[in-house]
Amino acid sequence: MIKLIRVRKLYKSTEAVKGIDMEIREGEILGLLGPNGAGKSTTISIISTLFPPTEGQVIFEGQDIVKNPKAIRRLLGMVPQEIALYPELSAYENLKFFGKLYGLNGAELESKIDEVLNIIGMSEKAKTPVKTYSGGMKRRVNIGCALLHNPKILIMDEPTVGIDTQSRTYILETVKKLNREGMTIVYTSHYMDEVEYLCDRIYIMDDGHIIAQGTKEELKASMTKENTIIINFEYINNNLVDAIKSMQDVKSLIVEGDTIKVTCEKNSNLLQKTLLIAQDLDCVITSFFVKEPTLEDVFLSKTGRTLRD
Ligand SMILES: Nc1ncnc2c1ncn2[C@@H]1O[C@H](COP(=O)(O)OP(=O)(O)OP(=O)(O)O)[C@@H](O)[C@H]1O
């Protein structure tokens, strides 16, 4: 649907995006995951034609939108990171203002505002000034403004930063629902769990580069040759710890209270062997599980840093 080809963006001396290739496919929720300053906002601003790249092409249905931004503008909804609302006006009045900017009027505008208020769950508070809303409610109205003109593609820049859990859940479910109804969504975040929950495919960005891409399953499978097993015992003794440590393929072992956390080579049958050792030493296991790698682990393995560093 949209292809970025060797896109680069310089702000004076800062190279924010360093020659990236990216594809957005029709009907998907695409995630851009990366820490602050990775280049996510710059990338989606270029896709939204807010400004052109310094170099590179952005192709939408055969047309280079760097040269012809109008080819995509009416089809895009952009939810900016900053709240862009008039605080003295109500949700209804803000939506009316933005709807008119999109060329909507009269009964069509009124019915669209009703529909959007319903989608964002703000019908009851529609007539109260925005300045009295919680952060989460403001974010929801911010999203509503981008939905008025029925965009085919919705681009969201960290839409859940600094809000309460209830609004966050509401926003995530709204994104899923919009996508189920056919909207293509580009979702940027530095929250790994949100991207993991929502997105079909993910690009992980860092320092202006794409450092990994794929479905979450592909990303996790590609990053690790290790498994982490967590075993809780009724009681741990030194013999048990020594016996587990001495097994081949054990890479690290951490004891925390009556819990042992073992990292080992993938497919090394360590869990079975550990269970046998515990049985031999009469150590009672109360529970155990194999920890799945997370997207945080992917980022860590590629950069040596956590997403929050
Ligand atoms: N208008 C600007 N002028 C100069 N430098 C900028 C400008 N906008 C962004 N940058 C720099 O470009 C780099 C990428 O920023 P960008 O906002 O695209 O990253 P991001 O991943 O979206 O992070 P954040 O979540 O903090 O916005 C950063 O080093 C940032 O300081």
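How many residues surround the ligand, and which are the closest? Let's start there. This is a predicted model. In it, 13 residues surround the ligand. The closest are G37, G39, K40, S41 and T42.

Now the polar contacts. Take G37 first. A polar backbone atom of G37 sits 2.7 Å from an oxygen atom of the ligand. Then A38. Here a backbone N or O atom is 3.0 Å from a ligand oxygen. T42 uses its side chain instead: a polar side-chain atom of T42 is 2.5 Å from an oxygen atom of the ligand.

How much of the ligand does the protein cover? On its own, the ligand has 620 Å² of accessible area, and the protein covers 60% of that. Two elements give two or more residues to the shell: β2, residues 14-24, and α1, residues 40-47. The largest share comes from α1, with three residues. By type, the shell divides into four nonpolar residues, seven polar and two charged.

Next, the aromatics. The structure holds three aromatic pairs. One of them is Y86 with F97. Their ring centres are 5.1 Å apart, with 85° between the planes, and the pair is edge-to-face. What does this pair tie together? Y86 lies in the loop between β6 and α3, and F97 is in helix α3, so the pair connects parts eleven residues apart in sequence.

F97 also pairs with F98. The centres are 5.3 Å apart and the planes are at 85°, so this pair is edge-to-face too. Put together, ring pairs link Y86, F97 and F98 into a cluster.

Is that cluster buried or exposed? Take the rings one by one. Y86 has 40% relative accessibility, so it counts as partly exposed. F97 has 34%, and it also counts as partly exposed. F98 has 17%. The cut-off for buried is under 20%, so F98 counts as buried.

On to a charged side chain. K112 is in helix α4. Buried or exposed? K112 has 10% relative accessibility, so it counts as buried. What does its side chain meet? The side chains of K112 and E115 are joined by a polar contact of 3.2 Å. Those two are three places apart in a helix, and there is a general point here. An α-helix has 3.6 residues a turn, so residues three or four places apart point the same way. Leaving out residues up to four places away in sequence, K112 touches L104, L147, L148 and N150.

Last stop, helix α5, residues 135-145. This helix is mostly covered, with nine of its eleven residues buried. Which ones? G136 and M137, then R139 through to C145: R139, R140, V141, N142, I143, G144 and C145.

And what do those buried residues pack against? Two strands are on the list, β6 at 76-79 and β7 at 153-157. The helices are α3 at 91-101, α4 at 106-119 and α6 at 165-180. We have met two of those helices already. F97 is in α3, and K112 is in α4.

That's the tour. Back to the ligand for the last word: 13 residues around it, with α1 giving the largest share of the shell.

Definitions and conventions. Residues are numbered from 1 along each chain as its sequence is written. This is a predicted model: local features need pLDDT of at least 70, side-chain atom pairs count only at pLDDT 80 or more; totals for chains, interfaces and linings use all residues. Side-chain values use heavy atoms; hydrogens and water are left out. Buried means under 20% relative accessible area, exposed over 50%, partly exposed in between (1.4 Å probe, protein chains only). Helices (H or I, at least four residues) and strands (E, at least two) are DSSP runs, numbered from the N terminus. Contact means heavy atoms within 4.5 Å. A residue is near a molecule or strand if one of its heavy atoms lies within 4 Å of it. A polar contact is a pair of N or O atoms within 3.5 Å; within protein, one must be able to donate a hydrogen and the other to accept it, and residues adjacent in sequence count only if both atoms are side-chain atoms. Accessible areas come from the Shrake-Rupley method with a 1.4 Å probe; for residues, only the protein chains shown count as cover. Ala, Val, Leu, Ile, Met, Phe, Trp, Tyr, Cys and Pro count as nonpolar, Asp, Glu, Lys and Arg as charged, and the others, Gly among them, as polar. Rings of Phe, Tyr and Trp (its six-membered ring) pair if their centres lie within 6.5 Å; planes under 30 degrees apart count as stacked, over 60 as edge-to-face and the rest as tilted.
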